[in-house]
Amino acid sequence: MISPADYPLWNSPAMNAYLKAASPETMLAEGRGVRVRDNGGRWFLDARSGLWNVTLGYDHPGVKDAVKRQLDTLPYANLIGYGRPSALSMTAAEALLPHLPGHLNKIRYCGNGSQAVETAVLLSRFLHRAEGAAEREAVFGMWRGFHGLGAGAGALTGIPQVHHQAGPLLPGVAHAPGPFESHGDAGTDDLRLAMTDYGPERISAVVVEPVVGEGVHVLTGEYLGALAEFCRSSGIHLIIDEVTTGMGRTGAFTRSGQLGVRPDILTLGKGLTSGYAPLSAVVLSDEIYERLYQLPYERQLFVGSTHDGHPLGLAASLAVVEALTTEGVLENVRRRGAGLERRLNDVVKRHRSVTAVRGTGLMYAIEVDQPDLLRLAMEARGVLVSTLARWPAIVIIPPLVISADEVEEIAVVLDQALGELPGLAP
């Protein structure tokens, strides 16, 4: 246990419980490949990719070299307002755009995923207001969706605790169940029904993840396509949040492109830099950008922050794009993802405590009654996995560069942990 008087950080929602379990030896000190080492000298296979973002592992030479070179060349520039952006910002955008859905051609770089989602929503409201439709203010999200934390992104995240823990957040946000929720008619689209009942003429945008973060619920192309058509016919902006799924997680640069879905606005983050530097992006359709561009000078959306388009993040992103396109990373995701799915299904057949396995690419959820105990049991055997805020599951979301042997290691440890943990045995 660490003495509260000697610990200088506030890094847990419950410090009194956290400090009883934490020790200086458990803090991370080094990363190599898909593994991390703590201060006590123990190495772990990081099957959670940091915070789902260290997509190329902890020592990718191309990303490291790019950041080091940029640090020696131009360590800071900014995209906000009328300053002078770095030349690298245009180079990075030109490298990324060809790999995104073809109607998305303008990028605004931000600092993190929450900021990107908030910027997308504010842009949607701003455009409606600027075009004389101020009544279009409501924004819909999906229960279980995770879009970040804070006054704006937290309001959009579909976890009620986040909405109420500190008082009112961004107003005008509503949620509806996704197609994976248990409700009466399995054919009912509750999200579209809720927006229809609310009044589409009062709605600015809907924000969804193609793989819903709280529970790893995979939305189908048919579902998202129908939602996109509803939004188009109703004048509602479709914002697809790919902060987690973008940049290779599902075996493609975007899940939207993989499914043939056309968002009005797309957000990227996490894997955009493989976690080596903070960066996110808001990507606009040609139509959205044209409407924004045509506004008079006196009608501008004033939004942004000090670190928007930070050169170190841009350098890392450029190297990530290079890795995804030249190093066989996306093919590795498809192959290792298929292998992971196969092995997970093999394992859970032997354990009645597992109620569901689902996912795509290299992102899978294993539902059990005691996910925290399972996480700790796997950690004791050298594999780190994630748990969720409210859904009873662990999430296996390893770096995109994981090998077949490392996939097998995860499966073996999961099998052992399920078999030996009291209450989770077959």
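Which residues in α4 meet which residues in α12? I began my notes with this contact, keeping in mind that the model is predicted. On the α4 side I found L88, S89, T91, A92, A95 and L96, and on the α12 side I found P311, L314, A315, S317, L318 and V321. I then sorted this contact by class, which gave nine nonpolar, three polar and no charged residues.

I looked next at how α4 and α12 are set against each other, and found that they pack at an angle of about 25 degrees, with their axes 9 Å apart. Angles under 35 degrees count as roughly parallel, and α4 and α12 are therefore described as roughly parallel to each other. I noted the crossing of α4 and α12 as left-handed.

**Entry on α12**

I followed α12 along its length, from residue 311 to residue 326, and counted 16 residues, with 22 Å between its first C-alpha and its last, which is close to the 22 Å expected at 1.5 Å a residue. Is α12 enclosed by the rest of the structure or open to the outside? I found 12 of its 16 residues buried, so α12 is largely enclosed by the rest of the structure. The buried residues include P311, L312, G313 and L314 near the start of the listing, and also A315, A316, S317, A319, V320, V321, A323 and L324. Looking for what these buried residues of α12 pack against, I found α3 (61-73), α4 (87-96), β4 (104-110) and α13 (329-348). After α12 comes G328, and I noted that the phi of G328 is positive, near 70 degrees.

**Entry on α13**

I made the same kind of check on α13, whose 20 residues should span 28 Å at 1.5 Å a residue, and its end C-alpha atoms are 28 Å apart, which agrees. I listed the buried residues of α13 as V329, L330, N332, V333, R336, G337, G339, L340, R343, L344, V347 and V348. What covers these buried residues includes α12, together with β13 (356-360), β14 (363-367), β17 (393-396) and α15 (404-420).

**Entry on α8 and α9**

I turned to a second helix pair, α8 (residues 190-198) and α9 (residues 221-234), which pack at an angle of about 15 degrees with their axes 10 Å apart. From that angle, α8 and α9 are therefore roughly parallel to each other, and I recorded their crossing as left-handed. The contact is made by L191, R192, M195 and T196 of α8 and by Y223, A226, L227 and F230 of α9. By class I have six nonpolar, one polar and one charged residues for the contact of α8 with α9.

**Entry on positive phi values**

I looked up W52 because it lies in helix α2 and is buried at 12% relative accessibility. The phi of W52 is near 70 degrees, a positive value in a residue other than glycine. I also looked at V216, in the loop between β8 (211-212) and β9 (217-218), whose phi is near 55 degrees, again a positive value in a residue other than glycine. V216 is buried, with a relative accessible area of 0%.

**Entry on single buried residues**

Where is N53 found? I placed N53 in the loop between α2 (49-52) and α3, and it is buried with a relative accessible area of 18%, where under 20% is the cut-off for that word. Leaving aside its neighbours within four places in sequence, N53 is in contact with K270, G271, S274 and G275.

I then went to A120, which sits in helix α5 (residues 113-130) and counts as buried at 0% relative accessibility. Apart from neighbours within four places in sequence, A120 is in contact with I239, I265, T267 and V282. I also noted that A120 and L284 are 164 residues apart in sequence and 8.9 Å apart in space, C-alpha to C-alpha.

My last stop was T254, in the loop between β10 (237-242) and α10 (255-259), where I found it buried, with a relative accessible area of 2%. With neighbours within four places in sequence left aside, T254 is in contact with L100, P101, E242, L266 and L268. Of these, E242 is 12 residues away from T254 in sequence and 7.1 Å away in space, C-alpha to C-alpha.

Conventions:
Residues are numbered from 1 along each chain as its sequence is written. This is a predicted model: local features need pLDDT of at least 70, side-chain atom pairs count only at pLDDT 80 or more; totals for chains, interfaces and linings use all residues. Side-chain values use heavy atoms; hydrogens and water are left out. Helices (H or I, at least four residues) and strands (E, at least two) are DSSP runs, numbered from the N terminus. The expected span of a helix is 1.5 Å times one less than its number of residues. Buried means under 20% relative accessible area, exposed over 50%, partly exposed in between (1.4 Å probe, protein chains only). Contact means heavy atoms within 4.5 Å. Axes are lines fitted to C-alpha atoms, for helices over the stretch in contact, and angles run from 0 to 180 degrees between N-to-C directions. Angles under 35 degrees count as roughly parallel, over 145 as roughly antiparallel, 65 to 115 as roughly perpendicular and the rest as oblique. A crossing is left-handed if the near helix is turned anticlockwise from the far one by less than a right angle, and right-handed if clockwise. Ala, Val, Leu, Ile, Met, Phe, Trp, Tyr, Cys and Pro count as nonpolar, Asp, Glu, Lys and Arg as charged, and the others, Gly among them, as polar.
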